[in-house]
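Reader: I am new to this structure and would love a close look at one part of it. Could you take me through that part slowly and then show me what lies around it?

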Amino acid sequence: SPGPAPDMESAAPAAPAKSSQASVQYQPQPKGEQKCGNCTHFIAESNTCKRVEGEISPEGWCILWAKTA
């Protein structure tokens with residue numbers, strides 16, 4: 001009989017794996033008007049990001065930057 005369906009392996013609500021800072025070209029300086037502090041993924045309370053590992057500077061920037069709505 002066939003094994004479990006591939007998508008059944010992660011029964012826990014899967015938080016998408018975060019990207020490494022290097023893989024998203026994270027830098028501690030802003031890129032023009034673009035900076036982590038005004039990115040939709042930035043979590044100001046903890047200086048972290050929903051999509052990138054590690055501590056993130058509000059003045060930083062990476063290629064995942066997206067303007068807050």
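Let me start with one residue: does Pro 30 count as buried, partly exposed or exposed, and why?

Author: Happy to help! Pro 30 counts as partly exposed because its relative accessibility is 33%. On this scale, buried means under 20% relative accessible area, exposed means over 50%, and partly exposed is in between, using a 1.4 Å probe and protein chains only.

Before going further, a word on what you are viewing: this is a predicted model, in which local features need pLDDT of at least 70 and side-chain atom pairs count only at pLDDT 80 or more, while totals for chains, interfaces and linings use all residues. Residues are numbered from 1 along each chain as its sequence is written, and side-chain values use heavy atoms, with hydrogens and water left out.

Now to the place of Pro 30 in the chain. Pro 30 is in the segment before β1. Strands are DSSP runs of E with at least two residues, helices are runs of H or I with at least four, and both are numbered from the N terminus. The protein chain has 2 strands and 0 helices.

Leaving aside residues up to four places away in sequence, Pro 30 touches Lys 35, Glu 59, Gly 60 and Trp 61. A contact here means heavy atoms within 4.5 Å. Pro 30 and Ser 57 are 27 residues apart in sequence, and their C-alpha atoms are 9.4 Å apart in space.

Follow the chain one step on and you reach Lys 31, which is also found in the segment before β1, the strand at 42-43. Lys 31 counts as partly exposed because its relative accessibility is 46%. Between the C-alpha atoms of Lys 31 and Ile 63 there are 9.9 Å, with 32 residues separating the two along the chain.

Going the other way, you come to Pro 28, again in the segment before β1. With residues up to four places away in sequence set aside, Pro 28 touches Ser 57, Glu 59 and Gly 60. Glu 59 and Gly 60 are also among the residues that Pro 30 touches. The C-alpha atoms of Pro 28 and Trp 61 are separated by 6.5 Å, although these residues are 33 apart along the chain.

Further back in this segment is Gln 25. Its phi is near 55 degrees, a positive value in a residue other than glycine. Most residues other than glycine have a negative phi. Another positive phi, near 50 degrees, belongs to Asn 47, which sits in the loop between β1 and β2 (48-49). Asn 47 counts as partly exposed because its relative accessibility is 26%.

Val 24 also lies in the segment before β1. Val 24 is buried because its relative accessible area is 3%. Beyond its neighbours up to four places away in sequence, Val 24 touches Ser 19, Val 52, Cys 62, Ile 63 and Leu 64. The C-alpha atoms of Val 24 and Arg 51 are 9.6 Å apart, with their positions 27 residues apart along the chain.

Cys 62 leads us to the cavity. The largest cavity has a lining of 14 residues, and Cys 36, Cys 39, Cys 49, Ile 56 and Cys 62 lie nearest its centre. A cavity is a set of points, on a 1 Å grid over the protein atoms alone, where a 1.4 Å probe fits but cannot get out, and lining residues have an atom within 4 Å of a point. The volume is about 110 Å³, where grid points are joined across faces, edges and corners and the volume is the space filled by probe spheres set on the points.

What about those cysteines? A disulfide is a pair of cysteine sulfur atoms within 2.5 Å, and the count by this rule is 0. The sulfur of Cys 36 is too far for a bond because the closest cysteine sulfur, in Cys 62, is 6.2 Å away. For Cys 49, the closest cysteine sulfur is in Cys 39, at 6.1 Å, which is likewise too far for a bond. Cys 36 counts as buried at 10% relative accessibility, and Cys 49 is buried at 8%.

Finally, step back to the whole chain. Of its 69 residues, 19% are buried. Among contacts between residues at least 6 apart in sequence, 68% join residues at least 24 apart.

Notes. 1 Å grid on protein atoms, 1.4 Å probe; cavity = no way out; pocket = protein on both sides within 12 Å on 5 of 7 lines; lining within 4 Å.
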